[in-house]
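This briefing is meant to be read with the sequence and the coordinates at hand. It goes from the overall layout to the sheet, the core and a few local details of the backbone.

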Amino acid sequence: MADHSPVPWRYYRGRLRKAFPAMIIEIQAPQGVTVIKWAGFDDSDLPKAVHAANARFIVRACNSHDDLLAALEQVSLRFPEDQIEYEVGRSAGDCAHCLGCFDEHEDDCISQQVEAAIAKAKGNLKEVNHGRP
């Protein structure tokens with residue numbers, strides 16, 4: 001079970017109170033339960049449209065997180081880092097993704113990118129930062 005509010009979340013914009021013109025932006029869990037609320041932007045230098053776009057981005061990211069993580073984990077299982085392709089003459093331990101980076105992965109190695117994305121999505125920042133917090 002996740003420690004956060006259940007998804008799917010939704011973006012909501014409306015009046016704080018019917019009698020007042022002040023608008024709020026909320027991110028809501030199912031049944032309209034408030035997850036995050038912005039009750040005004042008087043102290044912000046960002047335009048209100050940017051705040052609304054940020055809220056919608058948070059909703060999209062949170063709602064797609066579990067599906068994206070599951071897809072990456074499937075990619076990782078299907079194409080493990082130590083996959084060998086003997087037909088092109090590589091030796092044991094060569095990474096099949098960056099064509100022979102036995103000692104060190106290439107910067108653009110998809111295997112490393114997938115593993116880093118999985119670690120980041122799971123909150124394992126030490127793995128993403130190579131052991132640094």
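## Overview

Of the 133 residues of the chain, 20% count as buried, and the model from which this value is computed is a predicted one. The secondary structure comes to 3 helices and 3 strands, and from the N terminus on these elements run in the order β-β-β-α-α-α. Among the contacts in the chain with a separation of 6 or more, 28% are accounted for by residues 24 or more positions apart.

**The sheet and the helix that packs on it**

- The 3 strands form an open sheet in the order 1-2-3, with antiparallel pairing, and its edge strands are strand 1 and strand 3, each of which pairs on one side only.
- Neighbouring strands of this sheet are turned against each other by 25° on average, when direction is ignored.
- Helix 1 packs on the sheet and touches strand 1, strand 2 and strand 3, while its direction makes about 10° with that of strand 2.
- Strand 1, which covers residues 10-15, pairs with strand 2 in the antiparallel sense over 6 bridges, and within this pairing Arg10 has Gln28 of strand 2 as its bridge partner.
- On the other side, strand 2 pairs with strand 3, residues 34-38, again in the antiparallel sense, over 4 bridges; here Ile25 stands opposite Trp38 in strand 3.
- Strand 2 is mostly covered, with 5 of its 6 residues buried.

**The nonpolar core**

- The largest nonpolar core has 7 residues in all, namely Trp9, Ile25, Ile27, Ala29, Ala52, Ala55 and Val59.
- Two elements, strand 2 (23-28) and helix 1 (48-78), give two or more residues each to this core, and helix 1 gives the most, with 3 residues.
- Ile27, one of the core residues, touches Trp9, Arg10, Val33, Thr34, Val35, Ile36, Trp38, Ala55, Ile58 and Val59, when residues up to four places away in sequence are not counted.
- The list of residues touched by Ile27 thus includes Trp9, Ala55 and Val59, and these three residues belong to the largest nonpolar core as well.

**Helix 2 and its buried face**

- Helix 2, residues 110-121, has 12 residues and reaches 16 Å from its first C-alpha to its last, which is close to the 16 Å expected at 1.5 Å a residue.
- The buried residues of helix 2 are Ser111, Val114, Ile118 and Ala119, and, seen down the axis of helix 2, they fall within an arc of 130°, so they line one face of the helix.
- As general background, an α-helix has 3.6 residues a turn, so residues three or four places apart point the same way.
- Glu115 also lies in helix 2, but at 32% relative accessibility Glu115 counts as partly exposed, because this value falls in between the limits of 20% for buried and 50% for exposed.
- The C-alpha atoms of Glu115 and Glu73 are separated by 8.4 Å, although these two residues are 42 residues apart along the chain.
- Just after helix 2, Gly123 takes a positive phi of about 80°.

**Backbone details that merit a look**

- Most residues other than glycine have a negative phi, and most peptide bonds are trans; the points below are best read against that background.
- Gln31 has a positive phi of about 65° although it is not a glycine, and Gln31 lies in the loop between strand 2 and strand 3.
- The hairpin of strand 2 and strand 3, in which Gln31 takes this positive phi, has 5 residues between the strands.
- With a relative accessible area of 79%, Gln31 is exposed, because the value is over 50%.
- Val7 and Pro8 are joined by a cis peptide bond, for which omega is about 10°, and Pro8 is found in the segment before strand 1.

Methods
Residues are numbered from 1 along each chain as its sequence is written. This is a predicted model: local features need pLDDT of at least 70, side-chain atom pairs count only at pLDDT 80 or more; totals for chains, interfaces and linings use all residues. Side-chain values use heavy atoms; hydrogens and water are left out. A nonpolar core is a set of buried Ala, Val, Leu, Ile, Met, Phe, Trp, Tyr and Cys residues joined through side-chain atoms within 4.5 Å. Buried means under 20% relative accessible area, exposed over 50%, partly exposed in between (1.4 Å probe, protein chains only). Contact means heavy atoms within 4.5 Å. Two strands pair if DSSP finds at least two bridges between them. The expected span of a helix is 1.5 Å times one less than its number of residues. The arc is that of the directions from the helix axis to the C-beta atoms. Axes are lines fitted to C-alpha atoms, for helices over the stretch in contact, and angles run from 0 to 180 degrees between N-to-C directions.
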